[in-house]
Amino acid sequence: MSARFDHIDLRVPDLAAVIPFYRGLLPALGFIREVKIEDWFQLETEDGSEFFGITKDPGYRCNATRIAFRAASDSEVDTLAQRLHEIGARNIEGPMLEAPGYYAVFFEDPFGNRLEVVHRAKF
């Protein structure tokens with residue numbers, strides 16, 4: 001089994017405000033095909049096996065939950081870290097060797113949702 005999750009449904013207080021950020025991030029992570037669903041912004045993998053969806057939630061409250069995406073190499077983490085600066089990610093930490101064999105960049109979307117891109121040398 002290569003997929004690690006089926007989908008993520010993320011809530012934000014303002015969908016239109018966050019779309020440019022995720023339009024810049026998600027394709028770099030392999031979510032390339034946009035699916036039109038009313039009141040959602042959703043991108044899925046080419047084969048449709050995984051998707052990342054975002055919708056507006058009037059009761060949104062940021063919390064400490066973190067979503068981590070897997071990278072194929074340390075250099076992919078570095079490339080994505082550069083992209084984060086371009087798309088306006090907040091509170092970027094790294095990329096750095098967080099622990100032996102764990103190279104990551106940590107960041108937040110425009111509303112403070114915590115995200116990470118990581119390459120693990122060993123599983």
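# Exercises: helices, sheets and a few odd residues

Helices α1 and α2 run roughly antiparallel to each other. For that wording, angles under 35 degrees count as roughly parallel, over 145 as roughly antiparallel, 65 to 115 as roughly perpendicular, and the rest as oblique. Helices (H or I, at least four residues) and strands (E, at least two) are DSSP runs, numbered from the N terminus.

Before you start: this is a predicted model, where local features need pLDDT of at least 70, side-chain atom pairs count only at pLDDT 80 or more, and totals for chains, interfaces and linings use all residues. Residues are numbered from 1 along each chain as its sequence is written, and side-chain values use heavy atoms, with hydrogens and water left out.

## Exercise 1: the helix pair

Task: Find how α1 and α2 cross, and which residues make the contact.

Solution:
- Two packed helices are described by the angle between their axes and the distance between the axes.
- Locate α1 at residues 15–25; its axis and that of α2 come within 10 Å and cross at roughly 160 degrees. Axes here are lines fitted to C-alpha atoms, for helices over the stretch in contact, and angles run from 0 to 180 degrees between N-to-C directions.
- The crossing is right-handed, meaning that the near helix is turned clockwise from the far one by less than a right angle; anticlockwise would be left-handed.
- Now the residues: α1 brings F21, G24 and L25, while α2 brings R83, L84 and I87. Contact means heavy atoms within 4.5 Å.
- Sort them by class and you get 4 nonpolar, 1 polar and 1 charged residues. Ala, Val, Leu, Ile, Met, Phe, Trp, Tyr, Cys and Pro count as nonpolar, Asp, Glu, Lys and Arg as charged, and the others, Gly among them, as polar.

## Exercise 2: the sheet with β1

Task: Which order do the strands take in the open sheet that contains β1, and which strands stand at the edges?

Solution:
- The order is β1-β4-β3-β2, an open sheet of 4 strands with mixed pairing. Two strands pair if DSSP finds at least two bridges between them.
- β1 and β2 stand at the edges with a single partner strand each, so one side of each has no neighbour in the sheet.
- From one strand to the next, the twist averages 20 degrees.
- Take β2 (residues 33–35) and β3: they pair antiparallel over 3 bridges, and R33 stands opposite E44 in β3.
- Move on to β3 and β4 (residues 51–56), which pair antiparallel over 5 bridges; L43 has F52 as its bridge partner in β4.
- Check the cover on β3 (residues 40–44): 4 of its 5 residues are buried, where buried means under 20% relative accessible area, exposed over 50%, and partly exposed in between (1.4 Å probe, protein chains only).

## Exercise 3: the turns and D9

Task: What phi does D39 have, and is D39 buried or exposed?

Solution:
- β2 and β3 form a hairpin with 4 residues between them, and D39 is in the turn.
- D39 has a positive phi of about 70 degrees although it is not a glycine.
- At 55% relative accessibility, D39 counts as exposed.
- The hairpin of β3 and β4 has 6 residues between its strands, and G48 in the turn has a positive phi of about 75 degrees.
- For a case in a strand, go to D9 in β1 (residues 7–12): D9 is partly exposed at 36% relative accessible area. Leaving aside neighbours within four places in sequence, D9 touches W40, F51 and G53.

## Exercise 4: the sheet with β5

Task: Where does helix α2 pack, and which strands are at the edges of the sheet it touches?

Solution:
- Start with the open sheet of 4 strands in the order β5-β8-β7-β6, with mixed pairing.
- Its edge strands are β5 (66–70) and β6 (90–99), each pairing on one side only, and the twist averages 20 degrees from one strand to the next.
- Helix α2 (residues 74–87) packs on this sheet, touching β6, β7 and β8, and its direction makes about 15 degrees with that of β7.
- β7 (residues 102–108) and β8 (residues 114–120) pair antiparallel over 7 bridges; Y103 stands opposite H119 in β8.
- Finish in β6, which holds P95: the peptide bond from G94 to P95 is cis, with omega near 10 degrees. N91 is in β6 too, and N91 has a positive phi of about 50 degrees without being a glycine.
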